[in-house]
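I opened my notebook and wrote down what I looked up, one entry at a time. Have the structure in view and follow along with me.

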Amino acid sequence: MIANMSRFGSLQAIPRQLLRTSVHLRAGLQGARTTIRRSYATANDQRPSQPTQPTFDNRVKIVEVGPRDGLQNEKKSIPLATKIELIERLAKTGLQTIEAGAFVSPKWVPQMANSDEILEHLLKTPPPSPVPLTFSFLAPNTKGLETALSILGKYPDAYETETTRSGKSAQEGGKPALEIAVFAAATESFSQKNLNCSIDASLRQFKEVIQQAKQANLRVRAYISVVLGCPFEGYDVDPHRVATIATDLLEMGADEISLGDTTGMGTAPRTKELLNCLSLAGIRNEDLAMHFHDTYAQALVNTAVALEHGIRTFDSSVGGLGGCPYSPGATGNVATENVVYFMESLGMDTGVDLDRVADIGDWITREIGKPNDSVVGKAVLGARKREKKESGDAEAPQT
């Protein structure tokens, strides 16, 4: 993870050790437990001989995916100015990482067609932020990465890399950091529908993307979709297969694996089983993030299971925006407002301004003509209206 991000405490500052552990590889696929030694080659070559335990275990990092994952499935074209304003508003809330766009074919994802303009704008005019900020862009193939790198090449002094990170917020004169993301799938059916290739073929493609991104000193995040249920293959997604894909991606150089319950089919027992399997495979909690959808209203239940397991990075989308074009019936991501309130109620420190996020959720859902799917966001806004009515004082919305 990127070092010196103050709100995430020591979890952010932990350099990655070179893990050598005994793992049971492809046990579910091969029908036998084969113990081998794997060396996880992640981002940082300077690793201590012994693992360092985090000190501030109540710090939680929330990755805001609304501007990309939340908007990508919208049929109605969203103006570039609206997307940029959404990112700029989110930057003021204390969120540390914002998924801002995707360098994918506009033929397949028209809503992401202007991601190059978004990246260029953020480099030329970085939004003010109270914390060091990272912008994440999806680049699932070398063509997408080349587009991103060509834009970065125009503004070499406008962003920070893994080796130049100062830890300063924009208000302190710091520059935003850039992150590249790739996405794999945990089932062959979903991989074919989403990526038009097999899992193995997608991993070969990602290896080149990850290596080129690391050569440019960029952090890399890797998503694995449908880890707790597939719309084509059902509930029984093999956790050993997920562990194998995750270890492959880490060995390629990925810094973090985001485990996606794309369908929202995950349950508490199966979330626990998956995380236990990953632990047995030698994958550290610091290398994992959870990405829950709330289709069956289980996202916060599963979040609690992951939190108890030791996961401290969670994806969410303002207003509960999102969905997946290749997962029929799947609703949006768990709402950022819901996650922030849930975490804070447990005594966890998100560093995120709930009132501001609630205002943003209300604004963006109105802008794009969608219902606000955050029950917490609506409750916060409702309580504010009641207070205003009782006090008789006018209150301007926070932006």
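**Entry 1: a crossover at strand 10**

I started with strand 9, helix 11 (residues 299-309) and strand 10, which make a right-handed β-α-β unit. A note to myself before going on: this is a predicted model.

Next I looked up how strand 10 is paired. Strand 9 (residues 288-292) runs parallel to strand 10, and two bridges join them. Across that pairing I found M290 opposite F314 of strand 10. Strand 3 (residues 61-64) also pairs with strand 10 in the parallel sense, over four bridges. There I noted V63, which stands opposite D315.

Are the two faces of strand 10 (residues 313-316) covered or open? Both are covered: T313 and D315 are buried on one side, and F314 and S316 are buried on the other. I wrote a reminder beside this: in a regular strand the side chains alternate between the two faces of the sheet.

**Entry 2: strand 6 and its neighbours**

How many residues of strand 6 (residues 177-185) are buried? I found nine of the nine buried, so strand 6 is largely enclosed by the rest of the structure. A177, E179, A181, F183 and A185 point one way, while L178, I180, V182 and A184 point the other way.

I then checked the pairing on each strand I had listed. Strand 5 (residues 134-138) pairs with strand 6 in the parallel sense over five bridges. In that pairing, F137 has I180 as its bridge partner. The chain goes from strand 5 through helix 6 to strand 6, and this β-α-β crossover is right-handed. Strand 7 pairs with strand 6 as well, in the parallel sense over seven bridges. Here A185 has S225 of strand 7 as its bridge partner.

**Entry 3: empty space**

My reminder for this page: rolling a probe the size of a water molecule over the atoms shows where empty space is left.

I looked up the largest pocket, and its volume is about 1,100 Å³. It is lined by 46 residues, and the closest to its centre are V104, W108, V109, F183 and N194. I recognised F183 from my page on strand 6. By class, I noted 20 nonpolar, 19 polar and seven charged residues in this lining.

Which element gives the largest share of that lining? I found that helix 7 does, with five residues. Among the elements that each supply at least two residues are helix 3 (66-70), helix 5 (115-124), helix 7 (188-195) and strand 8 (256-261).

For enclosed spaces, I counted four cavities of 30 Å³ or more. The largest cavity has a volume of about 60 Å³. Of the 13 residues lining it, P127, L133, A170, K175 and P176 are the closest to its centre. The lining of this largest cavity divides into eight nonpolar, three polar and two charged residues.

**Entry 4: two positive phi angles**

Most residues other than glycine have a negative phi. With that in mind, I noted two residues here.

N217 is not a glycine, yet it has a positive phi of about 65 degrees. I located N217 in the loop between helix 8 (199-215) and strand 7. N217 counts as partly exposed, because its relative accessibility is 32%.

A297 is not a glycine either, and its phi is positive at about 60 degrees. The loop that holds A297 runs between strand 9 and helix 11, so I was back beside the unit from my opening entry. Is A297 buried or exposed? A297 counts as exposed, because its relative accessibility is 53%.

**Entry 5: two pairs of positions**

L249 is in helix 9 (residues 239-252), and L249 is buried, with a relative accessible area of 0%. I looked up its separation from I224: the two are 25 residues apart along the chain, and their C-alpha atoms are separated by 9.7 Å.

E74 is in the loop between helix 3 and helix 4 (80-91). At 15% relative accessibility, E74 counts as buried. E74 and V109 are 35 residues apart in sequence and 9.5 Å apart in space, C-alpha to C-alpha. V109 was already in my notes, as one of the residues closest to the centre of the largest pocket.

**Entry 6: cysteines**

How many disulfides does the structure hold? I found zero. I also looked up two cysteines: C230 is buried, with a relative accessible area of 1%, and C277 counts as buried at 11% relative accessibility.

Note on methods: Residues numbered from 1 in each chain as written. Predicted model: local features only at pLDDT ≥ 70, side-chain atom pairs only at ≥ 80, totals over all residues. Heavy atoms only, no water. Disulfide = S-S within 2.5 Å. Buried < 20%, exposed > 50% of the residue type's maximum accessible area, 1.4 Å probe, protein only. 1 Å grid on protein atoms, 1.4 Å probe; cavity = no way out; pocket = protein on both sides within 12 Å on 5 of 7 lines; lining within 4 Å. Points joined across faces, edges and corners; volume = space filled by probe spheres on them. Nonpolar A, V, L, I, M, F, W, Y, C, P; charged D, E, K, R; others polar. Pairing = 2+ DSSP bridges. Right-handed = clockwise from strand over helix to strand, strands pointing away.
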